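Open the model in your viewer and keep the sequence panel beside it. We will go from stop to stop, with something to select at each one.

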Amino acid sequence: GGKQVLDNSEIIANLKQVKHKILVLSGKGGVGKSTVSSQLAHILASKGFDVGLLDIDICGPSIPRMMGLETSEVHSSNNGWQPIYINENLGVMSIGFLIDNKDEAIIWRGPRKNGLIKQFLTDVAWGELDFLIIDTPPGTSDEHISIVQYLNLTPNDGAVIVTTPQEVSLSDVRKEISFCIKTKTNILGVVENMSGFVCPNCSHHTDIFHPTTGGGLQLCKQYNLQLLGKIPLEPKVLLSAEKGKCIYETAPDSIAAQTYTQIVNSLL
Ligand code: ADP
């Protein structure tokens, strides 16, 4: 049998006005991938860029909750599905808006998941965007290979890999790195999340994962990647960010906000 030819012409046509596609990847769930995706989108929008935030994490779409859009409904127009606009230059679209039964989606097999993701990439009417931030499912399954193939990434695009300092998560990250190399995806850098703990009462920063701390930096050195930033666990800050707010609004002086500034600046 010959190699299956992937038809992504409709997706390419639909996303041709997007200048930079940024995939946010993680080896496993719960490391803060969606939090990082939503804050990157907020911050880039606050700098005046036209930004889209696209959540294609079929089994655990958390962007609606994190952007305060849990009860939102998606509308379609002649151009396709309309993103939900948080403000005039920040639109959000989540696969969670379209799946009624999330428990059911978890047992879907590859082709059905891919079909939905493909339809999603083809049919959402983003219009002109400076950045499209894409929150992907954790891991490096066949789904991911399809996503990268559908998106037809160029050197203007790339991946941000999110990890936590523990070794388990870092070994998952090695798989993400090999995945990017294999699929020729440009790696923009690594974000180490939950890197230490900032006490909500006294603001003291503690390295709770000592002695594994420094794993992110080691990993980056080994693969010649940029460590974009180390974001601490900062419970108060993140609780407000989960309600759909930009960290600049809820805690402009926090370590997390400063780190996000550094991360965004290194992406520009
Ligand atoms: P993922 O998308 O990787 O599954 P999430 O972004 O949903 O992870 O984060 C998992 C949980 O951890 C969320 O409740 C989120 O608010 C919290 N969280 C993520 N990053 C931080 C942080 N730096 N400080 C405090 N809580 C965080």
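**Stop 1: a loop residue**

Start by selecting Lys243, which sits in the loop between α9 and α10. This is a predicted model, so treat each stop as a look at a prediction. Is Lys243 buried or exposed? Lys243 is exposed, because just 11 other C-beta atoms lie within 10 Å, and a residue with 12 or fewer counts as exposed. Now add Phe120 to the selection and draw a distance between the two C-alpha atoms: Lys243 and Phe120 are 25 Å apart in space and 123 residues apart in sequence.

**Stop 2: the whole chain**

Zoom out and show the protein chain as a cartoon. You can trace 11 helices and 11 strands in it. The radius of gyration is 18 Å, close to the 18 Å that the globule rule gives for 268 residues, so the chain is as compact as a globular protein of that length. Turn the model along its principal axes, and the C-alpha trace spans about 55 × 45 × 35 Å. Buried residues make up 44% of the 268 residues. Among contacts with a separation of 6 or more, 79% join residues 24 or more positions apart.

**Stop 3: around the ligand**

Next, select the ligand and the residues around it. Which of the 18 residues there come nearest? They are Gly32, Lys33, Ser34, Thr35 and Leu238. Colour the elements that give two or more residues to this shell: α2 (33-46), β9 (187-198), β11 (227-233) and α9 (235-241). Of the contributors, α2 gives the most, with 3 residues. If you colour the shell by class, you will find 7 nonpolar, 8 polar and 3 charged residues.

**Stop 4: a residue in strand β1**

Select Val24, which lies in strand β1. Val24 counts as buried because it has 26 C-beta neighbours inside 10 Å, where 20 or more are needed. Show its contacts, leaving aside the neighbours within four places in sequence: Val24 touches Lys33, Val36, Ser37, Ile133, Ile134, Asp135, Thr136, Val160 and Val162. One of these, Lys33, you have already met among the residues that come nearest to the ligand. For a longer view, add Asp123: its C-alpha atom is 21 Å from that of Val24, and the two residues are 99 apart along the chain.

**Stop 5: helix α11**

Move on to residues 255-267, which form helix α11. Its 13 residues reach 19 Å from the first C-alpha to the last, close to the 18 Å expected at 1.5 Å a residue. Show side chains for Ala256, Ala257, Thr259, Tyr260 and Ile263, the buried residues of this helix. Look down the axis of α11: these buried residues fall within an arc of 160 degrees, so they line one face of the helix. What do they pack against? Their partners are α2, β9, β11, α9 and α10 (247-250). Of these, α2, β9, β11 and α9 are also elements that give two or more residues to the shell around the ligand.

**Stop 6: helix α7**

Now select α7 (167-182). With 16 residues at 1.5 Å each, α7 should span 22 Å, and its end C-alpha atoms are 23 Å apart, which agrees. Colour its buried residues: Ser169, Asp172, Val173, Glu176, Ile177, Phe179 and Cys180. Seen down the axis of α7, they fall within an arc of 155 degrees, so they line one face of the helix. Turn to the other side of α7 and pick out Glu167, Val168, Ser178, Ile181 and Lys182, which are exposed. The buried residues of α7 pack against β1 (18-26), α6 (142-151), β8 (158-163), β9 and α8 (215-223). That list includes β1, the strand that holds Val24.

**Stop 7: two positive phi angles**

Finally, step just past the end of α7 to Lys184, where phi takes a positive value of about 55 degrees. Lys184 belongs to the loop between α7 and β9, and is exposed, with 9 other C-beta atoms within 10 Å. Then select Ser203, in the loop between β9 and β10 (205-206). Ser203 has a phi near 65 degrees, a positive value in a residue other than glycine. Is Ser203 buried or exposed? With 12 other C-beta atoms within 10 Å, Ser203 is exposed.

Note on methods: Residues are numbered from 1 along each chain as its sequence is written. This is a predicted model: local features need pLDDT of at least 70, side-chain atom pairs count only at pLDDT 80 or more; totals for chains, interfaces and linings use all residues. Helices (H or I, at least four residues) and strands (E, at least two) are DSSP runs, numbered from the N terminus. The radius of gyration is taken over C-alpha atoms; the globule rule is 2.2 Å times the number of residues to the power 0.38. Two residues are in contact if their C-beta atoms, placed from the backbone, lie within 7 Å. A residue is near a molecule or strand if its C-beta atom, placed from the backbone, lies within 6 Å of it. Ala, Val, Leu, Ile, Met, Phe, Trp, Tyr, Cys and Pro count as nonpolar, Asp, Glu, Lys and Arg as charged, and the others, Gly among them, as polar. The expected span of a helix is 1.5 Å times one less than its number of residues. The arc is that of the directions from the helix axis to the C-beta atoms.
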